[in-house]
Amino acid sequence: RQLAGYTERCVISFVDLYGKTKRNTQGLNLRSLTEGEMYELGSALADLGDAYGITLSTCAEAVDLTEVGIRPGACIDSELIKKISGVPLKAKKDRNQRRECRCAASIDIGAYNTCGHGCLYCYANHNPTSGQKNLREHDPNSPFLASQPMTGDVVKMRW
């Protein structure tokens, strides 16, 4: 409801329990959803989106939710980037992602173990406290997210 009028789309994905996420979420009794549960949840989310003028799509999902109103999409959507920027874009599919992912090739500007939110399911931190530790040690004058340049480091400008 609070996003109504401020956003046009929402990209969803169901949790995938990778090695790090399995380890970090032990004891939470997480499990993968069945296809039926994905349809049920997807349908409810699509109804909410419709009620507030937000179109939903999935990213990197094998399940096809088009019958409940959610089409396959991309988090890094080259068509949306073209629309917003007004700049022609010739982006290929990101070959470093899962087969179902439709995202355009991109460069990650983040770094592992630098998110301080501590979400247990996050793949970007080795454990929930690693990002918090690195943020405490962050130097705002450093060119890096969470450290200082060390002898032998190679910094590449990519644009």
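Modeller: A polar contact is a pair of N or O atoms within 3.5 Å; within protein, one must be able to donate a hydrogen and the other to accept it. The structure discussed here is a predicted model.

Biologist: Which residue caps the N-terminal end of helix 3?

Modeller: The cap rests on a side-chain oxygen that lies 2.9 Å from the backbone nitrogen of Glu79. This distance falls within the 3.5 Å allowed for a polar contact. The residue that supplies the oxygen is Asp77.

Biologist: Which residue just after helix 3 takes a positive phi?

Modeller: Helix 3 covers residues 78-85. Just after this helix, a positive phi of about 70° is taken by Gly86.

Biologist: In what pattern do the helices and strands follow one another along the sequence?

Modeller: The chain contains four helices and three strands. Read along the sequence, their pattern is β-α-α-β-β-α-α.

Biologist: How many disulfides does the structure hold?

Modeller: A disulfide requires two cysteine sulfur atoms within 2.5 Å. For the sulfur of Cys59, the closest cysteine sulfur is in Cys75 at 3.5 Å, which is too far for a bond. The sulfur of Cys10 also has its closest cysteine sulfur in Cys75, at 9.7 Å, again too far. The number of disulfides is therefore zero.

Biologist: Is Cys59 buried or exposed?

Modeller: Residues under 20% relative accessible area count as buried. Cys10, at 33%, is partly exposed. Cys59 has a relative accessible area of 5%, so it is buried.

Biologist: Which residues does Ile12 touch, not counting those up to four places away in sequence?

Modeller: Ile12 is part of strand 1 (residues 9-12) and counts as buried at 12% relative accessibility. One of its partners, Ile70, is 58 residues away in sequence, yet the two C-alpha atoms are 9.3 Å apart. The residues touched are Leu45, Leu56, Ser57, Thr58, Cys59 and Ile70.

Biologist: With which residue does the side chain of Glu8 meet in a salt bridge?

Modeller: The search of the whole structure finds seven salt bridges. Among them is one that links distant parts of the chain, from the segment before strand 1 to helix 3, across 75 residues. Both partners are exposed. At 3.4 Å, N to O, the partner of Glu8 is Lys83.

Biologist: How far apart are the closest N and O atoms of Glu37 and Arg31?

Modeller: Glu37 is partly exposed, with a relative accessible area of 25%, and Arg31 is partly exposed at 47%. The two residues form a salt bridge, for which the limit is 4 Å. Their closest N and O atoms are separated by 2.6 Å.

Biologist: Which residues form a nonpolar patch on the surface?

Modeller: The patch has about 380 Å² of accessible area together. One of its members, Tyr123, lies in the loop between helix 3 and helix 4 (130-136) and counts as exposed at 52% relative accessibility. The patch consists of Tyr18, Tyr112 and Tyr123.

Biologist: What share of the residues of the chain counts as buried?

Modeller: The C-alpha trace spans about 55 × 50 × 35 Å along its principal axes. The chain exposes about 12,000 Å², of which carbon and sulfur atoms supply 54%. Of the 159 residues, the share that counts as buried is 23%.

Conventions
Residues are numbered from 1 along each chain as its sequence is written. This is a predicted model: local features need pLDDT of at least 70, side-chain atom pairs count only at pLDDT 80 or more; totals for chains, interfaces and linings use all residues. Side-chain values use heavy atoms; hydrogens and water are left out. Buried means under 20% relative accessible area, exposed over 50%, partly exposed in between (1.4 Å probe, protein chains only). Patches are made of residues with over 30% relative accessible area and no salt bridge: like charges are joined within 9 Å, nonpolar side chains (Val, Leu, Ile, Met, Phe, Trp, Tyr) within 5 Å. Accessible areas come from the Shrake-Rupley method with a 1.4 Å probe; for residues, only the protein chains shown count as cover. Helices (H or I, at least four residues) and strands (E, at least two) are DSSP runs, numbered from the N terminus. Contact means heavy atoms within 4.5 Å.
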